[in-house]
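Trainee: I'd like a close look at a single part of this one, and I'd rather hear it told as one connected story. Could you take me through it?

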Amino acid sequence: IALDNGMDEEFVIQIINNQGQVVFMKSCNTHELNNDFVDVQHLSKGLYYLVVQTRQKMYKGKILISDNH
């Protein structure tokens with residue numbers, strides 16, 4: 001994950017499966033996580049939703065986990 005907003009901001013990362021269950025969650029700040037990796041090897045293949053939430057904004061996206069993760 002690469003974050004480039006120039007600020008040291010706290011946020012929460014969540015990965016949610018297609019049943020609405022949170023399968024990964026991490027709270028940190030941009031300084032701790034900049035250019036870091038989120039380990040998804042424990043997740044089954046399929047479509048997941050990625051949510052990154054700060055105090056002021058929420059970013060949503062989709063990620064696809066394949067056999068070769």
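Which residues form a nonpolar patch on the surface, and about how much accessible area do they have together?

Mentor: Happy to, with the reminder that this is a predicted model. The patch is made of L47, Y49 and L64, and together these residues have about 300 Å² of accessible area.

Let's start from L47. You'll find L47 in strand β3, which covers residues 46-54. Its relative accessible area is 37%, and because buried would need a value under 20% and exposed one over 50%, L47 counts as partly exposed. As for patch membership, the cut-off there is over 30% relative accessible area, so L47 with its 37% passes that part of the test.

Now step back to the sheet that β3 belongs to. Four strands make up an open sheet in the order β2-β1-β3-β4, and the pairing is antiparallel. At the edges stand β2 (22-29) and β4 (58-65), each with a single partner strand, so one side of each has no neighbour in the sheet. From one strand to the next, the twist averages 15 degrees. As background, side chains in a regular strand alternate between the two faces of the sheet.

Next, follow β3 across to β1, residues 10-16. These two run antiparallel and are joined by 6 bridges. If you want a spot to put your finger on, Q14 stands opposite V51 in β3. Going on from β1 to β2, there are 7 bridges, again with the strands running antiparallel. Here E10 has N29 of β2 as its bridge partner. The β1 and β2 hairpin has 5 residues between the strands, and in this hairpin G20 takes a positive phi near 85 degrees.

How does that sit in the whole chain? Read from the N terminus, the elements go β-β-α-β-β, which comes to 1 helix and 4 strands. The protein chain has 69 residues, and 26% of them count as buried. Its accessible surface is about 5,300 Å², with 48% of that belonging to carbon and sulfur atoms. For contacts between residues at least 6 apart in sequence, 41% join residues at least 24 apart.

So, back to where you started: keep L47, Y49 and L64 on screen as the nonpolar surface patch, with L47 as your way into β3 and from there, through the 6 bridges, to β1.

Notes. Residues are numbered from 1 along each chain as its sequence is written. This is a predicted model: local features need pLDDT of at least 70, side-chain atom pairs count only at pLDDT 80 or more; totals for chains, interfaces and linings use all residues. Side-chain values use heavy atoms; hydrogens and water are left out. Patches are made of residues with over 30% relative accessible area and no salt bridge: like charges are joined within 9 Å, nonpolar side chains (Val, Leu, Ile, Met, Phe, Trp, Tyr) within 5 Å. Accessible areas come from the Shrake-Rupley method with a 1.4 Å probe; for residues, only the protein chains shown count as cover. A salt bridge is a side-chain nitrogen of Lys or Arg within 4 Å of a carboxyl oxygen of Asp or Glu. Buried means under 20% relative accessible area, exposed over 50%, partly exposed in between (1.4 Å probe, protein chains only). Two strands pair if DSSP finds at least two bridges between them. Axes are lines fitted to C-alpha atoms, for helices over the stretch in contact, and angles run from 0 to 180 degrees between N-to-C directions. Contact means heavy atoms within 4.5 Å.
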